[in-house]
Amino acid sequence: MLESNKQRLRLRVTGVVQGVGFRPFVYNLAQRHQLAGFVGNDSEGVFIEVESGAVRLQAFCVDLERLAPPLAHIEKVISTVMTPQGAETFTIVESKTNLEGITLISPDLCICDDCLQELLDPSNRRYRYPFINCTNCGPRFTITRQIPYDRPNTTMADFPLCDACTTEYHDPSNRRFHAQPNACADCGPQARFVANGVAISGDKALLAAQSALRAGTILAVKGLGGFHLACDATNYEAINRLRKRKGRLTKPFALMVYDLTEARRYAIIDDEAKLLTSRERPIVLLRKRDGISLATNIAPHNPYIGIMLPYTPLHYLLLHKLGYPLIMTSGNYSGEPMVTDNEAALQQLAPLVDAFLLHNRDIHVPCDDTVLRVVQAQEYPIRRSRGYAPFPVKLPFDMPPILAVGGELKNTFCLTRDNYAFISQHIGDMENIETLIAFEKAFQHMKALFRVEPQLIACDMHPNYLTSRWAHEYSQKQDLPLIKIQHHHAHIASVMAEHGLDVEQQVIGVCFDGTGYGTDKAIWGGEIFVADYQQFERVAHLKYVPLAGGDASVQKPYRMALTQLWAADMNWDVDLPCVGGCPEQEQVILHHQLTNNFNTVPTSSMGRLFDAVAALIGVRQIISYEAQAAIELESMATLVHETPYRFTYDEGKIDPKSMIQAIIKDMRAGIPVTIISGRFHLAVANMILQVALEIRSATCLNIVALSGGVFQNLLLLHQSKALLFANDFDVLIHRCVPANDGGIAIGQASIAYHK
Ligand code: ZN
Ligand code: ZN
Ligand code: FE
């Protein structure tokens, strides 16, 4: 009898290995190495059994990791030796559902180059088909109802494959082999244009949508993770109409631009090119070029412009030969979640738009666009969502299942399992019941996808956050412990966690923020801590001033300016812009509030100090979107290194009094506001350095972590970093999650675990 040296191996591959063409890749690799066996998906990832001679098996194992598809992200390959079974062929087997383990779901991916080429090739059978995709591209997370990621578990289940698509799906040499959302015009989803009660389907729908846009129409466009409102970015009047209807008066709109060449016409693009063209296709905030041919009301008073390139075939067709970029803003009313289904769009968005471009592939998971900036050639997230969620952030420690509900504004939540932090897509501002419902839905979905049953809940200390109240109720209902986390501690822990700091490490945590509930019930936000995951010591903070009338003082920066003048023992002279900006009656009431501590809360907020300075020097008295005054203050700053202002720092109190006095003196001496703004930014950076140096000499700590919404100010970020580097500090800034409240959930989870 012939002796055989055959061996059989069982391989378990984990990571992002579903929805990225992994099984077809394994199939082809097995053919090439002449192996028998099978490959399949289950809820833990991909399982493979291969049988052949030892040399071939080993070569296969090496290639498996070396040649993996571009979108795959292998975490681990575990192999077990088995008894050979005399297998002769290699097959792709049915997916299995099992209850242990975990599979990472791929985020949604932009159309790949091959599909784009086919889309625009008149001889291709998918010419101008707006839902073309392959194993390397297309929708993933937003169509996934449950795992494993197979067509019947996605919203593509409603579209049986035609013969031609079936053949591709089963042909291992085809690039659509086992592409779950595979479709064509004969069997797949269709676009539909609706205006004035008339509906047009198929390719004519796209052409009708383009003509509508040319005529100045505001169009609701169903995309990948939800609806956008779109209009011609060169049409001032249309944009104005959109602003009025949406109730979004000055907040910048993002643009969708056909390609990188065109984007360069509107913005200065260096290192940003890589991110703009990445498969995640985020909105990238870029410096506007002067004298561009776009409407001036896209991003008024703002030197930056948010640009993204098209990411779905439908977007490409919409912009193809259109001749100008489109405004693309989330399809919702300000403050409400994005609309995702056709019926809701036709009802709720009707007052906002003139026409609809719909399609019949359901969006199972709403997912807003991601927004990034580029800091020293690397990404600096502002909003982490489409293209990133639900890809986890890796933690430096193994965690039990924890749910951290995040904050109130720009909410995201986080579920942990093993050493993964699954951070949700952007949920929104938790100010109404609609957003809370969206939160609950996203939570239930992620909990099921990743099979996480939380054993511990973490929330913000603020008693009135909707998320905190929800967490309280949920923990009672489920009989789970609830841990309340101080807001700025969570910010610092989040930047520590994403950089993989371990339990032993302590940092100098600089958290500059708009608002956060302090342990003394004051509103914090200008905080410098010595912190680890377990605890923090509040070493220094901005000196308290009274915040009079809560939200009124946030919306009207002149009130904070008057408050700072009052705290600096200065008169409210009428020559000052902030005094002129405040109605006399209001001045009387405000003065009464400040002197009698009536309806005031003490605050150390750095965000409010930026507001105050913006109003003091006449940049902005009333805001219409969050952080508007600070953004405008930053945008006008010119750095001159002579005579920066100084905070006084004494016994942990950072006092802006002498700086406020110096600013007024400069104002009256006719120093340009651009220079005053520059001196102010430098003063804040210098103060960070001064406090950090004092802490270092007392504690020997050398890592400074920068977090909080104020660090979306790149001028401050760069200055602070430069000064700290020059003094040999190690500096941590955010790279995975935002510095704003969209990033705190991972910090909450890390703290909760270590408590
Ligand atoms: Zn493709
Ligand atoms: Zn088909
Ligand atoms: Fe915050």
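**Notebook: two metal sites, a covered helix, a strand residue and the cavities**

I started with the zinc ion (ligand 2), whose donor residues are spaced C-x2-C-x18-C-x2-C in sequence. A reminder to myself before going on: this is a predicted model.

Next I looked up the donor atoms. The SG atoms of C162, C165, C184 and C187 coordinate the zinc ion (ligand 2), at 2.2 to 2.4 Å. I then checked the geometry and found the site tetrahedral, the angles among the four donor atoms running from 102 to 118°.

I wanted to know where C162 and C184 sit in the chain. C162 belongs to the loop between α3 (113–119) and α4 (163–170), and C184 to the loop between α4 and β6 (191–195). They are 22 residues apart, so I noted the pair as a link between distant parts of the chain.

Are C162 and C184 buried or exposed? C162 has 17% relative accessibility and counts as buried because the cut-off is under 20%. C184, at 1% relative accessibility, counts as buried too.

**Iron site**

I moved on to the iron ion (ligand 3). Its protein donors are NE2 of H487, NE2 of H491, OD atoms of D513, listed twice, and OD of D741, and they lie 2.0 to 2.8 Å from the ion. Along the chain I read the spacing as H-x3-H-x21-D-x227-D.

Here, too, a pair of donors links distant parts of the chain: H491 and D741 are 250 residues apart. I found H491 in helix α13, and D741 in the loop between β31 (730–732) and α23. Both H491 and D741 are buried.

**Helix α23**

Since α23 borders the loop that holds D741, I looked at that helix next. Helix α23 spans residues 744–754 and is mostly covered, with 10 of its 11 residues buried. I listed the buried ones as I744, A745, I746, G747, Q748, A749, S750, I751, A752 and H754.

What do the buried residues of α23 pack against? I found five strands and a helix there: β18 (393–399), β19 (402–404), β20 (414–423), β21 (456–460), β22 (482–485) and α13 (487–498). Helix α13 is also where H491, a donor to the iron ion, is found.

**I305**

I picked I305 in strand β13 (residues 304–308) for a closer look. I305 is buried, with a relative accessible area of 2%. Leaving out residues up to four places away in sequence, I305 touches L255, A267, V284, L285, L286, K288, L294 and I298. I also took one C-alpha distance: I305 and F253 are 52 residues apart along the chain, and their C-alpha atoms are separated by 7.9 Å.

**Cavities**

Last, I searched the whole structure for cavities of 30 Å³ or more and got five. The largest has a volume of about 120 Å³. It is lined by 19 residues, and P139, L224, T312, P313 and R361 are the closest to its centre. I sorted the lining of the largest cavity by class: 12 residues are nonpolar, five polar and two charged.

The second largest cavity holds about 90 Å³ of space. Of its 15 lining residues, the closest to the centre are G19, V20, G21, R23 and H178. Helix α1 (residues 22–32) gives the largest share of this lining, three residues. By class I noted six nonpolar, seven polar and two charged residues in the lining of the second largest cavity.

Notes:
Residues numbered from 1 in each chain as written. Chains lettered and ligands numbered in written order. Predicted model: local features only at pLDDT ≥ 70, side-chain atom pairs only at ≥ 80, totals over all residues. Heavy atoms only, no water. 1 Å grid on protein atoms, 1.4 Å probe; cavity = no way out; pocket = protein on both sides within 12 Å on 5 of 7 lines; lining within 4 Å. Points joined across faces, edges and corners; volume = space filled by probe spheres on them. Nonpolar A, V, L, I, M, F, W, Y, C, P; charged D, E, K, R; others polar. Helix = DSSP H or I, 4+ residues; strand = E, 2+ residues; numbered from the N terminus. Donors = N, O, S within 2.8 Å, 3.2 Å for Na, K, Ca; no water. Tetrahedral: all angles 85-135°; square planar, octahedral: opposite > 155°, others 65-115°. Buried < 20%, exposed > 50% of the residue type's maximum accessible area, 1.4 Å probe, protein only. Contact = heavy atoms within 4.5 Å.
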